[in-house]
Amino acid sequence: MENLSILEQAAKSNPKPSSTAVVAALLEAEKNAKKTKTRYSFEQLTGNWRLCFITGTKKTRQKAGIMLGAGRYIPEWVAKIQIAYSVEPVAEGEKPSETGRVENSVLVGAIELTLSGPTKFLGNQNILAFDFTRIRVKLLGKTVYQGFIRGGEAREAEFFSLSVGKQAFFAYFLVEDGIIAARGRGGGLALWGRVSTVDS
């Protein structure tokens, strides 16, 4: 599958495919997923993933101008942007949980900012809904602040009772061992590459 090898290459080190080729491969993968009705599980998403490539919607592209274009790689020297999913533990013999936690961290120089919160996965649609309810700030690896953000405690308490239509979400259309790709609620596409424990 040519588009898969393009996306795997895009998530690795240089040389990388052109942005145009990556966008075309993402769209093709999304089209294939709709056609084959592939279903994933939340467990397949667990682990640490580095954001490699993003596209905006036409609206955001107009605002960002040439900088974003049709899509762009995230330069590793600017910031390390990672997302991590973990499943809620379940008792032995129970089926794996489709709920868990998400952590989105941005490392710029000596400062690491992490937003975290609850997630729920709708397997019949490959949709992962989430909310960032907490923040943690680290300086030189030491936590200097952590707590709830924007009424996070109340939002966390009502998260599982809300419909996905009222929440932020990613619709995953490609989940492989080394890469994952999704369309966000706002319409943009994103590609992540798996982070090994050595990289992180």
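## The two faces of α2

On one side of helix α2, T20, K34 and K35 are exposed. The buried residues of this helix are V22, V23, A25, L26, A29, E30 and A33. They cover an arc of only 160° around the axis, which puts them on the same side of α2. So here is a helix with a buried side and, on the other side, those exposed residues. Keep in mind that what you're looking at is a predicted model.

What do the buried residues of α2 pack against? The list takes in one helix, α1 (2-10), plus the strands β1 (47-54), β2, β9 (168-175), β10 (179-184) and β11 (189-194).

How far apart should the ends of α2 be? The helix runs over residues 19-36, which makes 18 residues, and at 1.5 Å a residue these should span 26 Å. The expected span is 1.5 Å times one less than the number of residues. The end C-alpha atoms are indeed 26 Å apart, so the two values agree.

One more residue of α2 to look at is N32. Is N32 buried, partly exposed or exposed? Its relative accessibility is 21%, so N32 counts as partly exposed; buried would need a value under 20%. Along the chain N32 is 141 residues from F173, yet in space their C-alpha atoms are 8.5 Å apart.

## How α1 meets α2

Now for the partner helix. The buried residues of α1 are N3, L4, I6, L7 and A10. They cover an arc of only 160° around the axis, which puts them on the same side of α1. These buried residues pack against α2 and against the strands β1, β2, β9, β10 and β11.

Two packed helices are described by the angle between their axes and the distance between the axes. For this pair, the axes of α1 and α2 come within 9 Å and cross at roughly 130°. That makes α1 oblique to α2. The crossing, as α1 passes α2, is left-handed. Which residues make the contact? From α1 they are N3, I6, L7 and A10, and from α2 they are A21, V22, A25, L26, E28, A29 and N32.

## Two residues with positive phi

Most residues other than glycine have a negative phi. K37 is a residue other than glycine with a positive phi, near 55°. Where does K37 sit? You'll find K37 in the loop between α2 and α3 (42-45), just after the end of α2. At 58% relative accessibility, K37 counts as exposed, since the cut-off for exposed is over 50%.

R150 also has a positive phi, near 45°, and is likewise a residue other than glycine. The place to look for R150 is the loop between β8 (142-148) and α5 (152-158). Is R150 buried or exposed? With a relative accessible area of 64%, R150 is exposed.

## F169 in strand β9

Over to one of the strands that came up above. F169 is found in strand β9, and its relative accessible area is 18%, so F169 is buried. Leaving aside residues up to four places away in sequence, F169 touches I127, L128, A129, F130, V164, R183, G184 and R185.

How far is F169 from A129? In sequence they are 40 residues apart, but in space the C-alpha to C-alpha distance is 4.1 Å.

## A70 in a loop

A70 lies in the loop between α4 (58-64) and β2 (72-73). Its relative accessible area is 45%, so A70 is partly exposed: being exposed would take over 50%. I54 is 16 residues from A70 along the chain, and the C-alpha atoms of A70 and I54 are separated by 8.9 Å.

## The whole chain

Stepping back, how many helices and strands are there? The chain's secondary structure comes to five helices and eleven strands. Of its 200 residues, 40% count as buried.

As for contacts, take those between residues at least 6 apart in sequence. Among these, 52% join residues at least 24 apart.

Terms used. Residues numbered from 1 in each chain as written. Predicted model: local features only at pLDDT ≥ 70, side-chain atom pairs only at ≥ 80, totals over all residues. Heavy atoms only, no water. Helix = DSSP H or I, 4+ residues; strand = E, 2+ residues; numbered from the N terminus. Buried < 20%, exposed > 50% of the residue type's maximum accessible area, 1.4 Å probe, protein only. Arc of directions from axis to C-beta. Contact = heavy atoms within 4.5 Å. Axes fitted to C-alpha atoms, helices over the stretch in contact; angles between N-to-C directions. Parallel < 35°, antiparallel > 145°, perpendicular 65-115°, else oblique. Left-handed = near helix turned anticlockwise from the far one by under 90°.
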